[in-house]
Every structure is written in structure tokens, then in C-alpha cells.
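Visitor: I'd like to go through this model side chain by side chain. Put it up on screen and I'll start asking.

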Amino acid sequence: MSTEPEETRPTTGAAAYTHGYSAPVLDSHRHRTAANSASHLVPHLREGQRLLDIGSGAGTITADLARIVGPAHLVALEISEQAAAITRAELARQGLAEVEVRVGDAHRLPLADGEFDVVHLHQVLQHVADPVTVLAEARRVTRAGGLVSARDSDYEGFRWYPDSPGLERWHELYLRAARANGGTPDAGRHLLAWAHAAGFDEVTPSTSTTLHATAQSRAQWGGAWSQRILTPPLADQLREAGWVDDPELERISTAWQDWAAHPDGWFVLLHAEVLARA
């Protein structure tokens, strides 16, 4: 349970997207693929299935899924035209412009009952105002016997080496900002409970990790966060809330660079998944 003061949390409206769509965020998210981010789902997919990808974002996972089921059978959904344009650009770059990209709210899907064989959500539920409602909507638009797949991180379960006061401060600030935005940064541990609350009876839970411990992966992960902590909307939120000033943000950025350069640097991300049968 969060210990943040209630005044830091919105009481109404949709959750804000803590990460935003800056270049460092998108560069990081473009490393996601179906192989490294949806391996729990891929064995259940086949050509011709109708698939809805909610929160398609940078579009790289979407593209991989489209190649499996067929571009004409996949619909991607994003919350805004800005986000949808990012997905469309990546799909076009990969020669998959046939994929339909729509704009809509996952809490109120503009789609018919039972329209899809599979619904996929990757790192979405941690950012929405009401995860159970989103899963219930995903269940509604999935045909009887179809699958809803969700994967989310558990930010409180992230671990790293060596110890770093700068990374500790980053962790504290990120959790605080995400909760203030109405999100659930430890969403992974809640997925099974949320799926049951959304009305699913047959749910298969699993976990996975992402490890950054090579020079290349440390440079990618640490380099991304050294910029993300300085970039809107997160940096602006932290400053405007009075939680941090520019010199401290610079120190946190430097801590990320120092971690990335450390030959023994190690950072593990904890994820959870559910496959829920409609």
C-alpha cells in the first residue's frame, strides 16, 4: 500500500502517462519485441486470429504480433492521436501500414462485444485509472474462449548493484510520481487479483525478468534513464511538485551514467503476466 500523502493523488479523471513520449522514452521502448516482451503469449497465436493491441505505443511489439496473425487482422488502440501517430509511423517503417490504428479509451472501448480472438496489453495497466475496468472491457470485446494477455512491471521489485544513493532517489521519486498520476507502479503483483475481479475464472499467471548486466544493455538502460529523468513530463512533474530541484535531477542523471559505466553493474526488472480465458 502506498504511503504517499493523499494530496499527491488525483481523485478523479484518467491517470496521466508518467513516461510521456520524449525521444529517450521512445528509444528505450523500441527495444521491446514480441520475443522479449510477449513470450508468454506468442505460442498461443496463429495466423488469421483477430487481435487487439491496447496501448501499442512505440509499435515494435505491435509489428511483431501483426506479422504472426496477419496485418489485416490486427487493430492497435492508443489513447490520443499523438500516441497513435507514433504507432503508425513504426508500422509504416516496417512495411505494415495495413494495420488499423484507432484512438480510444481503454476504460470504454469503442468496439463490439466478442470482436477479437486475442487482446494484448503490455505495460498498460500500471498507467490506467481503473485496471479492473480495463480488463473487464478487454474481456467484453474478446470472444468466448479467446485470450486476454496482460504484462506489467513491478517497480517496487526492481533491484540493482552496486548500491547507489542516486538510483535510490530515482526509485523513490518515480514511485511517488506514478502514484500521484493515478497509476500503480507495482501493478505486476496485482494482475491475478485484477483479472479475477474483472470476471475471469481461468487465469494463468507467470513472471519474468529483464536483466541489464552487459556493457551494451547497461549503456542502453542507464543511458535512457539518465536522459528520461531530465526530460518532460517526468522532470517537470517532479520540479513542479517541489520534490526535487535541477541540481538534484542532474545528480540522479549522473548516477545513472556512473551505474552504466560500472563493470559489475547489474539491474533486474521484475514483470508479471496473466493469460486470461474469456
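Visitor: Which residue forms a salt bridge with Arg30?
Guide: A salt bridge here needs a side-chain nitrogen of Lys or Arg within 4 Å of a carboxyl oxygen of Asp or Glu. This is a predicted model, so to speak with filters on: local features need pLDDT of at least 70, side-chain atom pairs count only at pLDDT 80 or more, and totals for chains, interfaces and linings use all residues. Residues are numbered from 1 along each chain as its sequence is written, and side-chain values use heavy atoms, leaving out hydrogens and water. With 3.4 Å between the closest N and O atoms, the partner of Arg30 is Asp27.

Visitor: Are those two buried or exposed, or partly exposed?
Guide: Buried means under 20% relative accessible area, exposed over 50%, and partly exposed in between (1.4 Å probe, protein chains only). Arg30 has 37% relative accessibility and Asp27 has 43%. So Arg30 and Asp27 both count as partly exposed.

Visitor: What is the closest N to O distance for Arg67 and Asp64?
Guide: Both residues lie in helix α3, three residues apart, about one turn of the helix; helices (H or I, at least four residues) and strands (E, at least two) are DSSP runs numbered from the N terminus. Arg67 is partly exposed at 45%. The pair forms a salt bridge, and its closest N and O atoms are separated by 2.9 Å.

Visitor: How many of the ten residues of α3 are buried?
Guide: The helix spans residues 60-69 and is largely enclosed by the rest of the structure. Its buried residues include Ile61, Leu65 and Val69. They pack against several elements, among them α1, β1 and α4. The count of buried residues, out of ten, is seven.

Visitor: How many salt bridges are there in the whole structure, and which residue joins Arg189 in one?
Guide: A search of the whole structure gives 19. Arg189 is partly exposed at 48%, whereas its partner is buried at 9%. Both belong to a network that also links Asp154, Glu156 and Arg179. The N to O distance is 3.8 Å, and the partner is Asp186.

Visitor: What kind of aromatic pair do Phe158 and Phe267 make?
Guide: Rings of Phe, Tyr and Trp (its six-membered ring) pair if their centres lie within 6.5 Å; planes under 30 degrees apart count as stacked, over 60 as edge-to-face and the rest as tilted. The whole structure has 18 aromatic pairs. In this one the centres are 6.0 Å apart and the planes sit at 75 degrees, so the pair is edge-to-face.

Visitor: How far apart in sequence are the parts that this pair ties together?
Guide: Phe158 is in the loop between β5 and β6, and Phe267 is in strand β8. Phe158 is buried at 1%, and Phe267 is buried at 0%. The separation of the parts they tie together is 109 residues.

Visitor: Which residue stacks with Phe267?
Guide: The rings are 5.4 Å apart centre to centre, with 15 degrees between the planes. The partner lies in strand β6, so this pair ties together parts 107 residues apart in sequence. It is buried, at 11%, and the residue is Trp160.

Visitor: Which ring does the charged end of Arg228 sit over?
Guide: For this, NZ of Lys or CZ of Arg must be within 6 Å of the ring centre and within 35 degrees of the ring normal. The ring belongs to a cluster that also includes Tyr174, Trp221 and Trp256. Arg228 is 4.1 Å from the centre of the ring of Trp225.

How values were computed
Contact means heavy atoms within 4.5 Å.
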